[in-house]
Structures are given as structure tokens and as C-alpha cells.
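Reader: I should like to learn how the features of a protein model are read. May we work through one example together?

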Amino acid sequence: MFISELLIKKRIIILFLLLQCLFLHAQDHGLKKIAILETVDKENSVPYGIKLMVRSKLTAAITATPGYEGYDRVDVGSILGEHEFQRTGLVSEKDIKRLGEMTGAEYILIPELAKLDQKHILIVAKILNVETAKVDKAANIQTATDVESMDEACRDLSSRLLGIHRGKTITL
């Protein structure tokens with residue numbers, strides 16, 4: 001009797017652990033992971049603080065969107081030269097796949113900034129599928145460089161990128 005009770009307890013524990021693993025997997029299932037790369041500034045005309053603000057606000061806006069997780073400041077330097085990436089914004093298909101493997105992300109977002117005048121910038125963003133290296137979504141927005149305008153612009157831009165319009169979501 002004692003041995004059968006032990007077997008039953010072991011089976012219950014194993015069943016409990018399996019159910020817990022399934023529950024954790026189900027929680028993660030359906031959650032789209034997006035790695036936000038360094039902000040590209042091909043002319044090197046936008047101050048670092050604005051680049052950082054755009055990247056962090058895009059990350060926050062994406063993370064605040066149900067069904068999405070944003071990962072900030074992916075270390076591109078470990079894959080390709082940081083200087084070359086910052087200068088050109090080019091990422092090869094092979095590099096995109098490696099970024100996905102490193103971060104566990106299904107998508108990467110590449111934000112690019114261009115200074116329009118002393119108080120305005122253009123933000124261009126592309127979401128690339130890590131598996132196919134193809135652009136899934138792209139959008140851009142012009143904004144003033146004050147904090148409130150940039151916050152609103154980044155929320156609007158992330159909504160466009162994620163396909164959120166008037167309470168409806170179009171999945172990637």
C-alpha cells in the first residue's frame with residue numbers, strides 16, 4: 001500500500017508540473033515579441049537624447065498594447081559593427097534571423113530619424129519578420145521635438161505599425 005501511495009503522489013506531482021508548463025506556454029502563446037533596434041540617423045543630425053526618447057517611447061507604446069511585448073536596445077554590435085549599422089541602417093537577412101534567435105523575438109522594429117528643421121523630425125519605422133526578413137509593416141510620422149508631441153507621435157506610430165485603428169486590431 002505504501003508503494004502505491006508513493007506512485008500516486010509522484011504521478012500527481014508530474015501531472016501538476018506538466019499542467020503548469022502547459023499553462024505557462026499558453027500564456028506566452030499569441031504574444032508577439034518585437035525587438036526595437038537602435039534608432040538610425042543616417043545624417044547624424046539628431047541629438048542622442050531624441051533618439052533615445054523615440055526608441056523608449058516606441059518600446060513603451062508597443063509593450064502597453066495588449067498582445068505585444070517590446071524589447072528595447074538590442075545589442076546590434078554583437079552581430080555587426082555598431083558604427084556601420086548607425087551610419088547605414090542596413091541589416092542583412094542573415095543578421096535579422098540572428099537577431100531573432102538572440103532575442104527570442106518574432107519581429108524587429110527599425111526606427112529611423114531625420115531632422116526636418118530645428119524643432120521637427122521625421123520618424124520612419126519598419127517591422128521586419130525575423131523568419132522571412134521581409135517588411136511586415138511600415139509607417140512614418142512628422143513631429144515636433146518637444147516631449148508631449150513626441151510621446152503622442154510615438155503612440156500614433158506604434159498604433160499604425162501594429163494595425164490598431166479605432167479599437168480594432170489587425171494582426172501581423
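**Reading strands, helices and buried residues**

Author: We may begin with the strands of this predicted model. A hairpin connects β3 to β4 by way of two residues.

Reader: How many bridges join strand β3 to strand β4, and do the strands run parallel or antiparallel?

Author: Strand β3 (residues 107–117) and strand β4 (residues 120–129) are antiparallel and are joined by 10 bridges. Within this pairing, Ile108 is found opposite Leu128 of β4.

Reader: Which strand is joined to β4 by nine bridges?

Author: That strand is β5 (residues 135–144), which runs antiparallel to β4. One bridge pairs His120 with Ala144 in β5. The two strands β4 and β5 form a hairpin with five residues between them, and Ala133 in its turn has a positive phi of about 65°.

Reader: I should now like to turn to helices. What describes two packed helices?

Author: Two packed helices are described by the angle between their axes and by the distance between those axes. In this model, the axes of α2 and α5 come within 9 Å and cross at roughly 50°. The helix α2 is therefore oblique to α5. Residues of α2 that make the contact include Met53, Leu58, Ala61 and Ile62, while those of α5 include Met150, Cys154, Leu157 and Ser158.

Reader: Is the crossing of α2 and α5 left-handed or right-handed?

Author: The crossing of these two helices is right-handed.

Reader: Ser158 was named in that contact. Is Ser158 buried or exposed, and why?

Author: A residue counts as buried when its relative accessible area is under 20%. Ser158 has a relative accessibility of 2%, so Ser158 is buried. This residue belongs to helix α5 (residues 147–162). Setting aside residues up to four places away in sequence, Ser158 touches Leu58, Ala61 and Ile62. A polar atom of the Ser158 side chain also lies 3.0 Å from the backbone oxygen of Arg155.

Reader: May we apply the same reading to Lys51? In which helix is Lys51 found?

Author: Lys51 is part of helix α2 (residues 48–63). Lys51 counts as buried because its relative accessible area is 9%.

Reader: Which residues is Lys51 in contact with, leaving aside its neighbours within four places in sequence?

Author: Lys51 is in contact with Thr39, Asp41, Asn44, Val46 and Leu113. A separation along the chain may also be set beside a separation in space: Lys51 and Glu112 are 61 residues apart along the chain, and their C-alpha atoms are separated by 8.7 Å.

Conventions:
Residues are numbered from 1 along each chain as its sequence is written. This is a predicted model: local features need pLDDT of at least 70, side-chain atom pairs count only at pLDDT 80 or more; totals for chains, interfaces and linings use all residues. Side-chain values use heavy atoms; hydrogens and water are left out. Helices (H or I, at least four residues) and strands (E, at least two) are DSSP runs, numbered from the N terminus. Buried means under 20% relative accessible area, exposed over 50%, partly exposed in between (1.4 Å probe, protein chains only). Contact means heavy atoms within 4.5 Å. Two strands pair if DSSP finds at least two bridges between them. A polar contact is a pair of N or O atoms within 3.5 Å; within protein, one must be able to donate a hydrogen and the other to accept it, and residues adjacent in sequence count only if both atoms are side-chain atoms. Axes are lines fitted to C-alpha atoms, for helices over the stretch in contact, and angles run from 0 to 180 degrees between N-to-C directions. Angles under 35 degrees count as roughly parallel, over 145 as roughly antiparallel, 65 to 115 as roughly perpendicular and the rest as oblique. A crossing is left-handed if the near helix is turned anticlockwise from the far one by less than a right angle, and right-handed if clockwise.
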